Structures are given as structure tokens and as C-alpha cells.
Amino acid sequence: MKPDTFQKETAGGQAPKLLDRMRELPSDERELADWIAVAGGPLRTEDLLELSSVLGDEPMGRLCARGVCERRGEMLDFRHPLTREVLYSALDAQNRVFMHGELGEHLSKAGHSTGLAAAMIAKH
């Protein structure tokens, strides 16, 4: 999709503003957000820490305090689906492919092979 088409079709052109906001995040928060975007749905906080280079869950707390994400039990997800779409679209193709592979491998090794987790593995 062309950038101008994407802009018109996403929340009345809010995507560029949202992407600018996401680019301003500290690198540890942005890395976590990118993993959630690639996952296509919520991720367990434990999985996020294992997949990323982030140490500790403080950056997750900051993402929630900023209103970007919310915790649901042991899961972390975006508060708005547009955030996922914008961040996923902003990832370069090579990095996106790498992250999908890493995520699928991690989920299968972590024993997430039933229910929603199994569907997520198949997607990656």
C-alpha cells in the first residue's frame, strides 16, 4: 500500500502522527513494541523478555503508563490496533522476516502448542 493511501485509510490520517510518537520512544520500549507488533496479538511478558534484549519489566510499565500498551494478566498488548498496524508497517522487510522466525521458534520451544498460541506459531 502506498504511504498516502495508508495515511488516508488509517484513522483519518493519524498513522503518521502515531508513527512519529512511536519513533520517539526509548529504544527498549520500541523494541518491545516491535515484538508485540510482529506477534499480531498479545504476548506474555516472560516471552517478551526472552525475545528482546530488554532487561526487566520496567520498560513494559512505561509503555503502559504512556497509554501505548496495557497488561491483561501476564499478557501485554497494544491499547489500540492501529498502533500494531503502524509499527508493523514501519519494520523493514528483512527485520520483520527475522522476527517472525524468532518468534515462531521461541513459541514452539516454550511449549505454547495449543489454543491461540498454536495459531500464533503457525502464523510465524
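Reader: In what order do the elements of the protein chain run from the N terminus on?
Author: This is a predicted model, in which local features need pLDDT of at least 70, side-chain atom pairs count only at pLDDT 80 or more, and totals for chains, interfaces and linings use all residues. Residues are numbered from 1 along each chain as its sequence is written, and side-chain values use heavy atoms, with hydrogens and water left out. Helices (H or I, at least four residues) and strands (E, at least two) are DSSP runs numbered from the N terminus, and the protein chain has eight helices and three strands. Their order is α-α-α-β-α-α-β-β-α-α-α.

Reader: What share of the residues of the protein chain count as buried?
Author: Buried means under 20% relative accessible area, exposed over 50%, and partly exposed in between, with a 1.4 Å probe and protein chains only. Of the 124 residues, the share that counts as buried is 42%.

Reader: Which helix gives the most to the largest nonpolar core?
Author: A nonpolar core is a set of buried Ala, Val, Leu, Ile, Met, Phe, Trp, Tyr and Cys residues joined through side-chain atoms within 4.5 Å. The largest one has 29 residues, and Trp35, Leu43, Leu48, Cys69, Phe78 and Leu103 touch the most other members. Elements that each supply at least two residues include helix 2 (15-23), strand 3 (75-78) and helix 7 (93-109). With seven residues, the one that gives the most is helix 3.

Reader: Where is aspartate 34 found, and which residues is it in contact with beyond its neighbours within four places in sequence?
Author: Aspartate 34 is found in helix 3. Aspartate 34 is buried, because its relative accessible area is 10%. Contact means heavy atoms within 4.5 Å; leaving aside neighbours within four places in sequence, the partners of aspartate 34 are Leu87, Leu91 and Met99.

Reader: Why is cysteine 69 not bonded to cysteine 64?
Author: A disulfide is a covalent bond between the sulfur atoms of two cysteines. The rule here asks for a pair of cysteine sulfur atoms within 2.5 Å, and by this rule the count is zero disulfides. The closest cysteine sulfur to that of cysteine 69 is in cysteine 64, and it is too far for a bond, at 5.9 Å.

Reader: Is cysteine 69 buried or exposed?
Author: Cysteine 64 counts as partly exposed, because its relative accessibility is 23%. Cysteine 69 has a relative accessibility of 1%, so it counts as buried.
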